[in-house]
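Trainee: I am new to this structure and would like to know what stands behind the words used for it. Could you show it to me?

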Amino acid sequence: MRLSNIDNRIIYLVLLAILIVPQLYQIRLDPVQLKAADDAFTQIDALKPEPGKIVFIAADWGPGTSAENKPQTAVIIEHLFRKRVPFALASLYPQAAPLLKTLPLEVIEQLKKDGVEGSWEYGKDWVNLGYLVGGGLSIQSMSRADDIKTVLKTDADGTPLKDVPVFKDVMTVRDVPVLVEITGLVGVFNAWLQFFQKDTYRPSLVHGCTSISIPDAYIYYASKQISGFFEGVAGAAWYDTLLNQKYGARKELATGINTGIACAQIFVLLLIALGNVSFFYERYTQRKGEVKQ
Amino acid sequence: MKQLTVKIVTFLAGLYFLLEFLLPKKIGAFEFGFYHEQVLDGARTVGAMAIGLGVINILFVHGSRLIKRSKGGLESFAVIFGFLLMGMLQGGEFIRSESAVSTWQGFMAAKDYLEKNGEQIIQRRDAAVVERVSRFYREQRVNLAVNSATPSAASLVSASALNQAVARELELLRELETTLDATRLKAAVDGAAVAGKLAQEYYPQAAKEGLIPQLSNFLFYGFFVPLGASMFALLGFYIVSAAYNSFRARSMEAAVMLIAAVIVILGQIPHGKLYIYEHLPLVRLWLMENLNTPANRAIYFGSAIAGLAMAVRLWLSLDKNQMGGER
């Protein structure tokens, strides 16, 4: 078997082993410090619970990108829970609807396991607005409204928002200090960026994207249209570390996945090196043969 | 005529949104976007119709393949079976949750009704109002007895608490009917508020129990979530294989790209002691901010201008395909 001709099946098997072993043996590698995630942390950490104000989390992701987007959403939710800053969860993606219900409960369970004191109650600490029908049109309607409750009307369970304590005093987009938008879909982030604003007011935007969209997100980060963002799961892993630094030892939500991906990326680098070495070696022997002839 | 109608509607719709964006909110007393919310509702309705078209399309394409027993019939069967199964389960869940919402909202409405008609009850000595509210609670008591005949452990507590609250409220209403005074009215309103709060907790919870929601959850979390994740994971395997087979420095441009890619990957992964250069993450950041961003912006501007040209063509119905013309 030549170096340039390794069977794909062998590559797949090695990759599978590389992904599984860190999870199996709980291997953890410290994530790299990422400035964009630092900025996202600073933005969320500066928030204080204020009556009538709510953080809006647009979790526009489904099962396909949950490996990257779920840890991003989870660390933000944990941070907000710890700071007692109320938040609203919503999504423009129908497949996200069931996950919006379960994720805050999973985070609460983890917080309890970590020994964090206190309790968090639906309606008082967070509200699930569910799937917003109409995509960009829904965002436009919310932004234009003098009372968002007249547009959204109820939460995901059908409770009128005027009866949900955490949302009853929220009137307009001006009452949203930070919008967290996490997605693996094309075009969704732009819709929030474009329409979620009122007159001259635009909430600070924290973004979470899959690794493949990082180059796109940098455009808005460089222009300061987003104040911080998660560069794939690596960003969430660094956020994990920042939460550890602030709140002490806790179960990390993203570092494990990031370690697995990092090992796979090292494998990719090795394969690229291997492919190129064999490529140049073959070209060298080919030229040598031509010279001899 | 048909084409002309489509052209006129398209033009007017485009013109409306253009003017809505460009014009100030108010020109004197005139507000151009006064009915904008209704217009957006209309746009949403048109979008919802597309779902119907999609359903017809799926059934037509896969149904005909199944009936004709042509190649891929088994896959088509899987599509139709999955579609119908999930459609029925989600439909069932929707009906259950809607019924739960209307039931607990009924409790709230009963409380509001009692409160609103308080004056009538006391001043006009109108016991009929109280009787109407009592009838509602009696009906709910019968429903609760049926619904909580086989309750799960989770809903048992709130079901019995709600039962007690309804019984207590019926007692309070009976007292109010006998003596129509402000004290008893207040007690009945307070009791109705307690029952309403418990109903709001119980009914949505009860709607999640039973075979339909369980089966629906099983299919979503047991099949859909892992299958969706698997589809995305396949991409990862494909990329690794492509990196090995195709990512070669065959030319100067490819070599530059390869070096940039290696720096970006190395600057992002946690390789701890393997660090080649401790400032690698900063080099990566510089690459992303100073080389990637301008290049990406240029691409975005280009595609935005192309998108604008395309939008104008659609708006003015210059595109033949849109009008059903030949390609």
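Mentor: Let us go through some terms for the sheet and then for one residue. This is a predicted model, where local features need pLDDT of at least 70, side-chain atom pairs count only at pLDDT 80 or more, and totals for chains, interfaces and linings use all residues. Residues are numbered from 1 along each chain as its sequence is written, chains are lettered from A and ligands numbered from 1 in the order in which they are written, and side-chain values use heavy atoms, without hydrogens and water.

Trainee: How do you know that strand 1 and strand 2 of chain A pair?

Mentor: Two strands pair if DSSP finds at least two bridges between them. Strand 1 (residues 55-60) and strand 2 (residues 87-91) of chain A are joined by 4 bridges, so they pair, and they run parallel. Ala58(A) stands opposite Ala90(A) there.

Trainee: Why do strand 3 and strand 6 of chain A count as edges?

Mentor: The open sheet of chain A has 6 strands in the order 3-2-1-4-5-6. Strand 3 (126-131) and strand 6 (228-231) of chain A each have a single partner strand, so one side of each lacks a neighbour in the sheet.

Trainee: Why is Ala254(B) called partly exposed?

Mentor: Buried means under 20% relative accessible area, exposed over 50%, and partly exposed in between (1.4 Å probe, protein chains only). Ala254(B) has 21%, so it is partly exposed.

Trainee: Which residues does Ala254(B) touch, not counting those up to four places away in sequence?

Mentor: Contact means heavy atoms within 4.5 Å. By that rule Ala254(B) touches Arg248(B) and Ala249(B).

Methods. Helix = DSSP H or I, 4+ residues; strand = E, 2+ residues; numbered from the N terminus.
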